[in-house]
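Trainee: Please take one part of this structure and go through it closely. Then follow the chain outwards from there and add the side-chain contacts.

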Amino acid sequence: MITAVKGTQDLLFPEVRRWQQLEAAARGLFERYGFGEIRTPLLEPTELFVRGIGDETDIVAKEMYTFQDRKGRSLTLRPENTAGVARAVVEHRLHDSPQHARLYYIGPQFRYERPQKGRYRQFHQMGIEILGEGAPGADAEGIAVAVDLLDAAGIPAATVQLNSVGCAECRPPYVALLKASLAPRVSELCGDCRRRLETNPLRTLDCKVPSCQPVLDAAPRLDEGLCAACADHHRAVREILDLLRISYRVRPRMVRGLDYYVRTVFEVTSEALGAQDALVGGGRYDGLLRALGGPDAAGFGWALGMERLLMAMPPLPGERLPRVYLAWSGAGTYARVLLLARELRAMGVAVLVEHQERSFKSALKRADRLNARWALLVGEEELESELYTLKDLASGGQQALAAADVAARVREEAP
RNA sequence: GUGAGCGUAGCUCAGCUGGUAGAGCCCCGGACUGUGGCUCCGGUUGUCGCGGGUUCGAUCCCCGUCGCUCACCCCA
């Protein structure tokens, strides 16, 4: 048996209905905030992610689906969408176009990781990008979009966690200071932190191992290492969030795994999830466009994990589909029923026809199993009178109606 | 990449210290010859993940392997 590739999955009805509703709700919200959709390729040159995300990051170092095409070019299935959007912006010179300054995307992403709850090799993200706007209001508004989306989805217990990781000016000196402070006590750190000290010293701050905490507590604080401009920016973002009545927690040690972030970084986590509890992650990425050969333009964005959001969302009530199940019996009825079904569909009614002749009893049983809202019975009597028996499967009541009246009756209820 | 748990019918699972498999659900039909849901009756479905070993005999014990799940790492 051929099975789906590890870490990928088929989305079946009715589960897929939840995806459709989430996407529709998100599109509506994004557009109310002035965002327009962008669809970028799933496949990009590997170089894009190496330069955009950073070759030292876990994503690039060990989690990419990378392969060579027939001409030997290295291609990668996108592990996230910001780099692709940035590439498109630079390529089409969208940075000067106010029309394209606010973009959103919805689509699959790929990372070669060991799957677990809330983490898949093909997963789906929706996200926004605000380009060319360096003011702190953009950060706060971007976070507001995420919060509104989670509210609309009915997510309980979601917390915004906020931090600033500085900029190209103040971060390098801080990292040097941090490294110097931790080096003498390296023996007290966990194995992971010892490794991080070499590869990405900032990440040690995020360590949850208890024995590391005293050492990290004694280390110089990231917020104290911020330059005046970064500190002002951070303060302003918090003030605007307060103004918007968006609650958040400042986590001075939160650091994110993509190299392109500067200043604001944030996450939204939910207790409704397992170990992989981040629903949304993002931040400011001034400088990314430039790193990709574009202008020195500001950027802010986030991505939301759709599988995780759906996991945390309350379930939908069951649907009655198809709306009308057409049951028939008797010689010569089938031909009439096929035409009747088309007639009803043309009038906007969802109809399912049984192609096997079966008893009304058996047909009604199937209608019930299919969770149909109505059954339309067509036998010899109906063929004769051209009045069809419409049965309400919830109440059990039924009436004889002409085709147009059947359609009208069924359409009285919103689908 | 590392660790742990689990692979028995389409699904959820049972199978006692080894004697070659069962239930519920689902599906189909009937009781009710033009009326579903409840009830009752009947019917269909298995390389016990795969390969090897131990044994008179393995779904059960051992080894390997593949898959799934959860966790670590990291992230959405």
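Mentor: What follows starts with strand pairing and then turns to charges, surface patches and backbone angles.

A caution comes before the detail. This is a predicted model.

Take strand 6, residues 122-131, as the starting point. Of its 10 residues, 9 are buried, so the strand is largely enclosed by the rest of the structure. Buried here means under 20% relative accessible area. Now look at its two partners. Strand 5, residues 102-110, pairs with strand 6 in the antiparallel sense, over 9 bridges. To set the register, find Phe110: Gln122 of strand 6 stands opposite. Strand 11, residues 299-305, also pairs with strand 6. That pairing is antiparallel too, with 7 bridges. Here the register can be read from Gly127, whose bridge partner in strand 11 is Ala303.

Now step back to the sheet. Its 8 strands run in the order 1-5-6-11-10-9-7-8. The sheet is open, and its pairing is mixed. Strand 1 (36-37) and strand 8 are the edge strands, each pairing on one side only.

Move along that order to strand 9 and strand 10. These two are antiparallel and share 6 bridges, with strand 10 covering residues 278-284. Val262 has Arg284 of strand 10 as its bridge partner. Stay on strand 9 for a backbone detail. Arg263 lies in this strand. Its phi is positive, about 55 degrees, although the residue is not a glycine. What is the burial state of Arg263? Arg263 counts as buried, because its relative accessibility is 18%.

The loop before strand 9 brings in a salt bridge. Arg253 and Asp217 form it, with their closest N and O atoms 2.2 Å apart. The pair links distant parts of the chain: Arg253 sits in the loop between strand 8 (249-250) and strand 9 (262-270), while Asp217 sits in helix 8 (residues 213-218). The two are 36 residues apart. Their accessibility can be set side by side. Arg253 counts as partly exposed at 23%. Asp217 counts as exposed at 53%.

Other charged pairs deserve a look. The count comes to 26 salt bridges. Glu113 and Arg119 make one of them, at 3.4 Å from N to O. Glu113 counts as buried, with 14% relative accessibility. Arg290 and Asp296 make another, at 3.2 Å from N to O. In that pair, Arg290 is exposed at 53% relative accessible area. Asp296 is exposed as well, at 58%. There is also a network of salt bridges, linking Arg27, Glu37 and Arg39.

Next, strand 15 (388-392). It is largely enclosed by the rest of the structure, because 5 of its 5 residues are buried. Which way do the side chains point? Tyr388, Leu390 and Asp392 point one way, and Thr389 and Lys391 point the other way. All are buried.

Strand 15 has neighbours to trace. Strand 14, residues 374-378, runs antiparallel to strand 15, and 4 bridges join them. Strand 16, residues 398-401, pairs with strand 15 in the antiparallel sense, also over 4 bridges. Thr389 serves as a marker for both pairings. Leu377 stands opposite Thr389. In strand 16, Ala400 is the bridge partner of Thr389. Strand 15 and strand 16 form a hairpin with 5 residues between them. In that turn, Gly396 has a positive phi of about 90 degrees.

Now go back to the loop between helix 14 and strand 15, where Glu386 is found. Glu386 has a positive phi near 60 degrees, and it is a residue other than glycine. Helix 14 itself covers residues 380-385 and contains Glu384. At 71% relative accessibility, Glu384 counts as exposed. Glu384 also belongs to a negative surface patch, together with Glu357, Glu380 and Glu381.

A nonpolar surface patch completes the tour. Leu42, Leu43 and Phe67 make it, and it covers about 230 Å². Phe67 lies in strand 3, residues 65-68. Its relative accessible area is 38%, so Phe67 is partly exposed.

Terms used
Residues numbered from 1 in each chain as written. Chains lettered and ligands numbered in written order. Predicted model: local features only at pLDDT ≥ 70, side-chain atom pairs only at ≥ 80, totals over all residues. Heavy atoms only, no water. Buried < 20%, exposed > 50% of the residue type's maximum accessible area, 1.4 Å probe, protein only. Pairing = 2+ DSSP bridges. Patch = residues over 30% accessible without salt bridge, like charges linked within 9 Å, V, L, I, M, F, W, Y side chains within 5 Å. Areas by Shrake-Rupley, 256 points an atom, 1.4 Å probe, with all protein chains shown as cover. Salt bridge = Lys/Arg side-chain N within 4 Å of Asp/Glu carboxyl O. Lys, Arg positive; Asp, Glu negative; His and termini not counted. Charge placed at Lys NZ, Arg CZ, Asp CG, Glu CD.
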